[in-house]
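User: Please take me through this model in a series of questions, with the reasoning spelled out for each answer.

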Amino acid sequence: MTSHRAGPFGRTLCAMITPFTDAGDLDLDTARRHAAGLVADGCDGLVLSGTTGESPTTTDEEKGALLRAVREAVGDSVPLVAGVGGPDTRHTVRLVREAEAAGADGLLVVTPYYSRPPQEAVEAYFLRVAESTGLPLMLYDIPGRTGTRIEPATLLRLAEHPRVVAVKDCSYDLLAATKVMARTSLAYYSGCEELNLPLYALGGAGYVSTVANAAPRRMRAVLDAFDAGDTAEAARLNALNIALVEAMMASGLPGAVTAKALLDAGPVREPLQPAGREATDGLRRVYDELISATG
């Protein structure tokens with residue numbers, strides 16, 4: 001028997017890149033192929049227009065077009081979670097409604113950033129979003145980027161709302177996550193690749209993974225082994241993945257940059273800059289070593 005709780009969007013979610021053409025336009029054909037390949041290789045669901053999807057530099061129209069194209073590629077049975085949220089509540093609500101109309105199954109709602117609102121304002125923001133839609137919400141707690149944490153006490157209150165169902169946790173606070181999971185039915189998804197297995201073992205629902213863009217089967221295999229009761233094998237596979245996790249997520253380059261470099265998936269949008277040749281070669285070397293080690 002496993003210790004994790006079932007999540008509303010499956011266990012293994014990929015934070016999908018947003019492909020662009022060489023001219024910098026949205027590349028929907030590549031997006032369709034990539035999405036279909038991720039699902040075929042073990043991703044239960046896809047998160048679109050998140051940080052890895054370069055959401056700060058895609059237009060509202062592009063976000064909707066991407067969601068519709070991916071839905072066409074993967075069908076109705078694959079959960080699609082649309083990234084929304086930002087410093088402007090009115091704009092967030094507009095994105096929510098557009099995502100709902102485009103066919104999203106859920107919403108990844110990031111904490112308002114830059115203005116660093118107090119917890120009362122953070123709570124009001126999420127409740128405003130929850131009341132504007134019929135879709136389930138995954139709250140995105142990533143204080144390292146937004147400057148504001150969703151405090152555990154705030155999460156306990158928000159969990160009382162029927163549409164607040166999950167958390168993408170990038171707080172690096174396993175103690176707080178454990179305490180909130182113990183007192184609520186919130187499904188916790190790891191957003192920090194190195195904590196995918198630890199959070200799952202503590203009762204998490206799974207992960208939202210950038211690394212899964214490049215190695216979806218290898219990331220999934222860790223949770224599969226854990227679910228099978230082979231914790232030693234889960235730890236072994238997790239250890240094999242760590243070199244790629246470190247290369248993609250802790251090299252000083254954003255995950256969108258490293259994922260696209262490894263996949264040769266077109267340019268990133270400024271202000272991001274592409275990975276240099278040395279970084280790209282290093283990524284490919286680590287990836288090749290992982291494939292060789294895992295078969």
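Analyst: Contact here means heavy atoms within 4.5 Å. The model is predicted, so local features need pLDDT of at least 70 and side-chain atom pairs count only at pLDDT 80 or more, while totals for chains, interfaces and linings use all residues. Residues are numbered from 1 along each chain as its sequence is written, and side-chain values use heavy atoms, with hydrogens and water left out.

User: How many helices and strands does the secondary structure of the protein come to?

Analyst: Helices (H or I, at least four residues) and strands (E, at least two) are taken as DSSP runs and numbered from the N terminus. On that basis, the count is 12 helices and eight strands.

User: In which order do the strands of the closed barrel run?

Analyst: Two strands are taken to pair if DSSP finds at least two bridges between them. The barrel is built of eight strands with parallel pairing, and neighbouring strands are turned by 25° against each other on average, direction ignored. The axes behind such angles are lines fitted to C-alpha atoms, for helices over the stretch in contact, and angles run from 0 to 180 degrees between N-to-C directions. Around the closed barrel, the order is 1-2-3-4-5-6-7-8.

User: What angle does the direction of helix 4 make with that of strand 4?

Analyst: Strand 4 (residues 106-110) pairs with strand 5 (residues 137-141) in the parallel sense over four bridges, and Val-109 has Leu-139 of strand 5 as its bridge partner. Helix 4 (residues 119-131) packs on this sheet, where it touches strand 4, strand 5 and strand 6 (164-169). Its direction, compared with that of strand 4, makes an angle of about 160°.

User: What is the radius of gyration of the protein?

Analyst: The radius of gyration is taken over C-alpha atoms, and the globule rule used for comparison is 2.2 Å times the number of residues to the power 0.38. The C-alpha atoms fill a box of roughly 50 × 50 × 35 Å along the principal axes, and residues 24 or more positions apart account for 68% of the contacts with a separation of 6 or more. For 295 residues, a compact globule would have a value near 19 Å, which agrees with the protein's own value of 18 Å.

User: Which helices are included in what covers the buried residues of helix 11?

Analyst: Buried means under 20% relative accessible area, exposed means over 50%, and partly exposed lies in between (1.4 Å probe, protein chains only). Eight of the nine residues of helix 11 are buried, so this helix is largely enclosed by the rest of the structure. The buried ones are Gly-255, Ala-256, Val-257, Thr-258, Ala-259, Lys-260, Ala-261 and Leu-262. The cover over them includes helix 10 (231-249) and helix 12.

User: How many disulfides does a search of the whole structure find?

Analyst: A disulfide is counted as a pair of cysteine sulfur atoms within 2.5 Å. The sulfur of Cys-170 has its closest cysteine sulfur in Cys-192, at 4.0 Å, which is too far for a bond. Cys-170 is buried at a relative accessible area of 7%, and Cys-192 is buried at 4%. Over the whole structure, the number of disulfides is zero.

User: Which residue forms a salt bridge with Asp-227?

Analyst: A salt bridge is a side-chain nitrogen of Lys or Arg within 4 Å of a carboxyl oxygen of Asp or Glu, and the structure holds 15 of them. In this one the closest N and O atoms are 2.6 Å apart, and the pair links helix 9 (residues 216-227) with the segment before strand 1 (12-15), 216 residues apart. Asp-227 is partly exposed at 27% relative accessible area, whereas its partner is buried at 13%. Both belong to a salt-bridge network that also includes Asp-44, Arg-220 and Asp-224, and the partner of Asp-227 is Arg-11.

User: Which residue forms a salt bridge with Glu-62?

Analyst: The closest N and O atoms of this pair are 2.8 Å apart. Glu-62 lies in helix 2 (residues 60-74) and its partner in the loop between helix 11 (255-263) and helix 12 (277-294), so the pair ties together parts that are 207 residues apart in sequence. Glu-62 is buried, with a relative accessible area of 17%, and the partner also counts as buried, at 16%. That partner is Arg-269.

User: About how many helical turns separate Asp-29 and Arg-32?

Analyst: The two side chains meet in a salt bridge of 2.9 Å, N to O. Asp-29 is partly exposed at 47% relative accessibility, and Arg-32 is partly exposed at 24%. Because they are three residues apart in helix 1 (residues 28-40), their separation is about one helical turn.
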